[in-house]
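Dear colleague,

Please find below the structure I agreed to pass on to you. My notes on the ligand site and on the cysteines follow directly after it.

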Amino acid sequence: MSERGAALAEAERVLRQNWVVGRHGELEFSYTEPSPHRYPWQWYWDSCFAAIVWRRFEPARARAELESLLAAQRRDGFVGHTIFWRSHVSLLRLLFYNVTSRKAFQTETIQPPLLAWAWRVAVGDPREEPRIGAHLDWLAANRDLEGDGLLWIVQPDESGLDASPKFEPVWGRRANGRIGFPLLVHRNRRLGWDARRIREAGGPVLCEALVNTLWSLSLQASGRPSATPALVERLWDERRGLFFDEVQPGGAQPDVVTWAALAPLALPDLPEEIGRRLVEEHLLNEGEFWTAVAPPSVAVGERGYEPGGGHGPIRRYWRGPTWVNSAWLVWLGLRRLGYEQQARQLADGVVGAAAREGLREYYDPRDGKGLGANDFAWSALVAELADPPSAGYL
Ligand code: GLC
């Protein structure tokens, strides 16, 4: 079998294997576990990625997966980062999880809000599902702190990029994966994870590039005004040719170079000259992101680049290895801008790694060695790279 055929077969196998169905009181749920044993609950953005791939194998499951997120939605439109359908968090996890109590049904924090876009790709028109509109309204009302259409996060893990080194200048010892992280959780619990209260209490709150890329895709998928112009206005660094997050209070823009600085490549309305700079100066640069299996989650030349996934008892994610969702998102930009040969090269690297190693959580960018959790569901996005759809995703 070709590597592409093997990757496609593996994607379908893992999605089917990880599918779970059940009932929680009155509510029925069904979703794809991110990884059996390691990640038993429903994670918001994992489900969005899984649904995107389910559409090609069993479209009814794509809808059911996203319907489960909507079934967990609060009346005010909020949908949490993690939904605890099947069991409560342990006492130990209470230190690290953004829940009000052990009995909590979901976290009080968000994950990158791509639900509306995933619905558009995998199910249909989000405008026909009022709960999605309510979800977007909640995000705008509670997280657009500056009124320019961009969202702000209150913890590193809200970006999905948990322990990325780019958060260290912002949260210091309280960043994810650092010793003080439970103190951040504790403080935000006291402040009700309310972004405005957190900002008033001295912050920090962060306008983050990946969150706002996926937010802009969701807005566009729902026929709402795009957030891309505001993203460029606020986060584009013309001199460096990269997107850097903004911290408030204070307005600092730490310039740690991670793949998220390239994430806006996924935006169909990104100005072309910006896209070309991201690609030519950075993505295709071997000293930064153009590795055998690209793009590494942290630029090769950065201090703190750990391509082998790091060592030690605490797992620290997003510090060097390549994740399939990131590869797919930047590949969208390569294709849109006409870098066909490079898009194929990037796809071949990821497809080859998945074919050889199976669907792992992330891969060593130098040789594609599989790392982290096994049978990791969103790595099924390799199917999009192995067998690209003829139409775009919006
Ligand atoms: C890790 C990742 C996060 C993901 C979760 C479940 O925490 O950093 O993005 O949602 O695992 O797969």
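In this predicted model, the side chain of D162 places an N or O atom 2.7 Å from an oxygen atom of the ligand. The protein covers 96% of the 310 Å² of accessible area that the ligand has on its own. A further polar contact involves G160, where a backbone N or O atom lies 2.7 Å from a ligand oxygen. W45 also takes part: an N or O atom in the side chain of W45 is 3.0 Å from an oxygen atom of the ligand.

These three residues belong to the set that surrounds the ligand, which also includes P34, Y39, W43, D46, Q111, W318, F376 and W378. Sorted by class, this shell has 7 nonpolar, 2 polar and 2 charged residues. As for location, the ligand occupies the space of the largest pocket.

I also examined the cysteines. How many disulfides does the model contain? The count comes to 0. For C48, the nearest cysteine sulfur is that of C207, 20 Å away, and C48 is in no disulfide. The same pair accounts for C207: its closest cysteine sulfur is in C48, and because a disulfide requires the two sulfur atoms to be within 2.5 Å, the separation of 20 Å is too far for a bond.

Are C48 and C207 buried or exposed? C48 has a relative accessibility of 0% and therefore counts as buried, the cut-off being under 20%. C207 is buried as well, with a relative accessible area of 0%.

Yours sincerely,

A colleague

Methods:
Residues are numbered from 1 along each chain as its sequence is written. This is a predicted model: local features need pLDDT of at least 70, side-chain atom pairs count only at pLDDT 80 or more; totals for chains, interfaces and linings use all residues. Side-chain values use heavy atoms; hydrogens and water are left out. A residue is near a molecule or strand if one of its heavy atoms lies within 4 Å of it. A polar contact is a pair of N or O atoms within 3.5 Å; within protein, one must be able to donate a hydrogen and the other to accept it, and residues adjacent in sequence count only if both atoms are side-chain atoms. Accessible areas come from the Shrake-Rupley method with a 1.4 Å probe; for residues, only the protein chains shown count as cover. On a 1 Å grid over the protein atoms alone, a cavity is a set of points where a 1.4 Å probe fits but cannot get out, and a pocket is an open set with protein on both sides within 12 Å along at least five of seven lines; lining residues have an atom within 4 Å of a point. A molecule sits in a cavity or pocket if more than half of its atoms lie within 2 Å of its grid points. Ala, Val, Leu, Ile, Met, Phe, Trp, Tyr, Cys and Pro count as nonpolar, Asp, Glu, Lys and Arg as charged, and the others, Gly among them, as polar. Buried means under 20% relative accessible area, exposed over 50%, partly exposed in between (1.4 Å probe, protein chains only).
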